[in-house]
Amino acid sequence: MHIAIGLCTKNRLTLLPQAIRSVFALAPFPHGTLSFIVVDNHADGTAKELVSDLQHEKPDHIQSLTYAIEPRAGIPFARNKVLDIALEQKADYIAFFDDDATVSPDWINILYDYMGKYQADIIAAPQGATFPEDAPDWAPKCWYYIARHHPDGSQLQTCPTSNVLFSTKIVSEAKIRFNEGFSRSGGTDNLFFKTATQNGFRLIWCDQLLVSEEVGKERLSKKWVLSRAYSYGLMTSRIQLQLHGRFKGSLLALYHAARYGVYGLFFMPFKVLFKQHAPVDCPAFLVNSVGFIMGLFNAQYEHYKNR
């Protein structure tokens, strides 16, 4: 049994060492071998020297550390590069986490145990958040940073790549890849796994907080949260159209627009009043609703254009 751990990175040289070292600190995998793939999405390979300097820290139970450059800017290009390298390594499973995050020592072993326990093809889990000391008071209560939770062992239709383990059969047999047409708007991970579950692959939720991201100062502004909320609605609307066609996709997008709009207007203010959420969450849900509607008109917003 071989698991390839994929990490896509760009312009995060400060956070990347701790992400890599957290993989090096993983407990040995008793069911087979582990390999580690770092794909740099900067055409100049700015992380090459850093990764090379860390090679000597790699423990023996990590079979290999592979560094590769994907010069085409956009996260789906980098993710697909990981898929290609993992298949070349004849991996049975691929795990992903983000370059601003760290994983717990039992991360892979727990996700793999869930894979067998539930006879699943995909295991997803939540991602927590840590904040700098000077983070604004509202940040820990903001909807975007709060870890998502579902009942442990529940079956889902999609998930992000921030904390996931999945079978390479999704790629090698079903020929599913990350959609490179969404390279700057985001959402390719949700589309990838939604397509997988529509093709009969089983996605199970592991409700254990095994991965934690460090929220950078550039994301600790209300402007950034509103921008993220709009882009989320926009890209989710586009995904609905991609998966279900114009008629059904439009109905689903309008349903979500109404749901987020009503929640932002009538329910979220009470959560803010009782200090369960941040004040920015009210306009964020409304902006998210607008994003769903604008996505139906093929509006473009490149949330990741500077990444």
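Guide: A residue counts as buried at under 20% relative accessible area, as exposed at over 50%, and as partly exposed in between (1.4 Å probe, protein chains only). This is a predicted model, where local features need pLDDT of at least 70, side-chain atom pairs count only at pLDDT 80 or more, and totals for chains, interfaces and linings use all residues. Residues are numbered from 1 along each chain as its sequence is written, and side-chain values use heavy atoms, with hydrogens and water left out.

Visitor: Is Ser-35 buried or exposed?
Guide: Ser-35 lies in strand E2. Helices (H or I, at least four residues) and strands (E, at least two) are DSSP runs, numbered from the N terminus. The relative accessible area of Ser-35 is 0%, so this residue is buried.

Visitor: With which side chain does the side chain of Ser-35 make a polar contact?
Guide: A polar contact is a pair of N or O atoms within 3.5 Å; within protein, one must be able to donate a hydrogen and the other to accept it, and residues adjacent in sequence count only if both atoms are side-chain atoms. Leaving aside neighbours within four places in sequence, Ser-35 is in contact (heavy atoms within 4.5 Å) with residues including His-2, Ile-3 and Ser-64. The polar contact, at 2.7 Å, is with the side chain of Gln-89.

Visitor: What is the strand order of the open sheet of eight strands?
Guide: Two strands pair if DSSP finds at least two bridges between them. Pairing in this sheet is mixed. E3 and strand E8 (155-156) each have a single partner strand, so one side of each is left without a neighbour in the sheet. The order is E3-E2-E1-E4-E9-E6-E10-E8.

Visitor: How many residues of strand E1 are buried?
Guide: E1 covers residues 2-9. His-2, Ala-4, Gly-6 and Cys-8 point one way, Ile-3, Ile-5, Leu-7 and Thr-9 the other, and all are buried. The strand is therefore largely enclosed by the rest of the structure, and its buried count is eight of the eight.

Visitor: How many bridges join E1 to strand E4?
Guide: E1 runs parallel to strand E2 (residues 33-40), joined by eight bridges. There, Leu-7 stands opposite Val-38. E1 also runs parallel to E4 (residues 93-98), with Gly-6 opposite Phe-96. The bridges joining E1 to E4 number six.

Visitor: Which elements cover the buried residues of helix H1?
Guide: Seven of the nine residues of H1 are buried. Among them are Leu-16, Ile-20 and Phe-24. What covers them includes E1, E2, H2, E3, E4 and E5.

Visitor: Which element gives the largest share of the largest nonpolar core?
Guide: A nonpolar core is a set of buried Ala, Val, Leu, Ile, Met, Phe, Trp, Tyr and Cys residues joined through side-chain atoms within 4.5 Å. The largest one has 41 residues; among those that touch the most other members are Ile-5, Phe-36 and Trp-107. The elements giving two or more residues include E1, helix H2 (48-54) and helix H4 (107-117). The largest share is seven residues, and they come from H4.

Visitor: Which side chain makes a polar contact with that of Asn-163?
Guide: Asn-163 sits in strand E9. With a relative accessible area of 1%, Asn-163 is buried. Not counting residues up to four places away in sequence, Asn-163 touches residues including Phe-96, Leu-111 and Val-211. Its side-chain polar contact, at 2.7 Å, is with Trp-107.

Visitor: What angle does helix H3 make with E2?
Guide: Axes are lines fitted to C-alpha atoms, for helices over the stretch in contact, and angles run from 0 to 180 degrees between N-to-C directions. H3 (residues 75-88) lies across E1, E2, E3, E4 and strand E9 (163-167). Helix H6 (residues 188-198) packs on the sheet too, its direction making about 40° with that of E9. For H3 and E2, the angle is about 150°.

Visitor: What is the order of the open sheet of three strands?
Guide: Its edge strands are E5 (101-103) and E7 (127-130), each pairing on one side only. Three bridges join E5 to strand E11 (residues 211-214), and these two run antiparallel. Ala-101 stands opposite Glu-213 in E11. The order is E5-E11-E7.
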